[in-house]
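Hello,

Here is the structure I promised to pass on. Please open it alongside this email; my notes follow below it.

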Amino acid sequence: MTAALDRPGATTLLTAWTLQPVAVGVIVVLALLYVRNLRRVSRPWPRGRTATFAAGLVLMLWTSCGFPQVYGSSLYWVWTTQTLTL
């Protein structure tokens, strides 16, 4: 039997985490591939694109290991949001 989750609050959005090794592995591989291919580009690469890609990886990490992952099995709207975000 699993313990009931607390009612989510504003601070829970940033403090509720669970480790998902597959998701973390995918994110690390994507980051390494991006950096490897970034070094192969001969012309200057806009920093905005790199920042946007990094923000996407952070959002993917939060969606797959943060609040949506913790509360996704308990609250239907969180699961729906997690699915749409990923």
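**Helix H3 and what covers it**

Helix H3 covers residues 47–65, which makes 19 residues. At 1.5 Å a residue, H3 should span 27 Å, and its end C-alpha atoms are 27 Å apart, so the two values agree. Keep in mind that this is a predicted model.

Which residues of H3 are buried? They are Leu57, Thr63, Ser64 and Cys65. Their cover includes helix H2 (21–40), H4 and H5.

Take serine 64, which sits in helix H3. Its relative accessible area is 9%; buried means under 20%, so serine 64 counts as buried. A polar atom of its side chain lies 2.7 Å from the backbone oxygen of methionine 60. Leaving aside neighbours within four places in sequence, serine 64 is in contact with Gln20, Ala23, Ile27, Gln69 and Gln82.

**Glutamine 82, from the other side**

That last contact is worth following. Glutamine 82 is in helix H5, residues 76–85. Is glutamine 82 buried or exposed? It counts as buried, because its relative accessibility is 9% and the cut-off is under 20%.

The side chain of glutamine 82 has a polar atom 3.0 Å from the backbone oxygen of threonine 63. Threonine 63 is itself one of the buried residues of H3. Not counting residues up to four places away in sequence, glutamine 82 touches Thr63, Ser64, Pro68, Gln69 and Gly72. Serine 64 and Gln69 are also a contacting pair.

**The nonpolar core**

What makes up the largest nonpolar core? It has five residues in all: Ala16, Phe67, Val70, Tyr71 and Val78. Helix H4 (residues 67–71) gives the most to this core, with three residues.

Phenylalanine 67 is a core member with a long list of partners. Not counting residues up to four places away in sequence, phenylalanine 67 touches Pro8, Thr12, Leu13, Ala16, Trp62, Gly72, Trp77 and Val78. Two of these, Ala16 and Val78, belong to the core too. Gly72 is also touched by glutamine 82.

**The H2–H3 loop**

Now the loop between H2 and H3. Serine 42 is placed there. Its relative accessibility is 78%; exposed means over 50%, so serine 42 counts as exposed. Serine 42 is 27 residues from threonine 15 in sequence. In space the two are 41 Å apart, C-alpha to C-alpha.

Tryptophan 45 is found in that loop as well. How exposed is tryptophan 45? Its relative accessible area is 29%, between the 20% and 50% cut-offs, so tryptophan 45 is partly exposed. Its side chain makes a polar contact with the side chain of tyrosine 34, at 3.0 Å. Leaving aside neighbours within four places in sequence, tryptophan 45 is in contact with Tyr34, Leu38 and Thr50. Alanine 10 is 35 residues away from tryptophan 45 in sequence and 37 Å away in space, C-alpha to C-alpha.

One more residue, this time in helix H2: valine 29. At 46% relative accessibility, valine 29 counts as partly exposed. The C-alpha atoms of valine 29 and alanine 51 are separated by 17 Å. Along the chain they are 22 residues apart.

**The whole protein**

Now step back. How many helices and strands does the protein have? It has five helices and zero strands. From the N terminus on, the elements run α-α-α-α-α. The radius of gyration is 16 Å, well over the 12 Å that the globule rule gives for 86 residues, so the protein is more spread out than a compact globule.

The C-alpha atoms fill a box of roughly 55 × 25 × 20 Å along the principal axes. Buried residues make up 20% of the 86 residues. The accessible surface comes to about 6,700 Å². Carbon and sulfur atoms account for 67% of that surface.

A last figure concerns contacts between residues at least 6 apart in sequence. Of these, 65% join residues at least 24 apart.

**Where to look**

Two places to open on screen: serine 64 with its contact Gln82, and tryptophan 45 with its polar contact to tyrosine 34.

Best wishes

Methods
Residues numbered from 1 in each chain as written. Predicted model: local features only at pLDDT ≥ 70, side-chain atom pairs only at ≥ 80, totals over all residues. Heavy atoms only, no water. Helix = DSSP H or I, 4+ residues; strand = E, 2+ residues; numbered from the N terminus. Buried < 20%, exposed > 50% of the residue type's maximum accessible area, 1.4 Å probe, protein only. Polar contact = N/O pair within 3.5 Å; in protein donor to acceptor, adjacent residues only side chain to side chain. Contact = heavy atoms within 4.5 Å. Rg over C-alpha atoms; globule rule 2.2 N^0.38 Å. Areas by Shrake-Rupley, 256 points an atom, 1.4 Å probe, with all protein chains shown as cover. Core = buried A, V, L, I, M, F, W, Y, C linked by side-chain atoms within 4.5 Å. Expected span 1.5 Å × (residues − 1).
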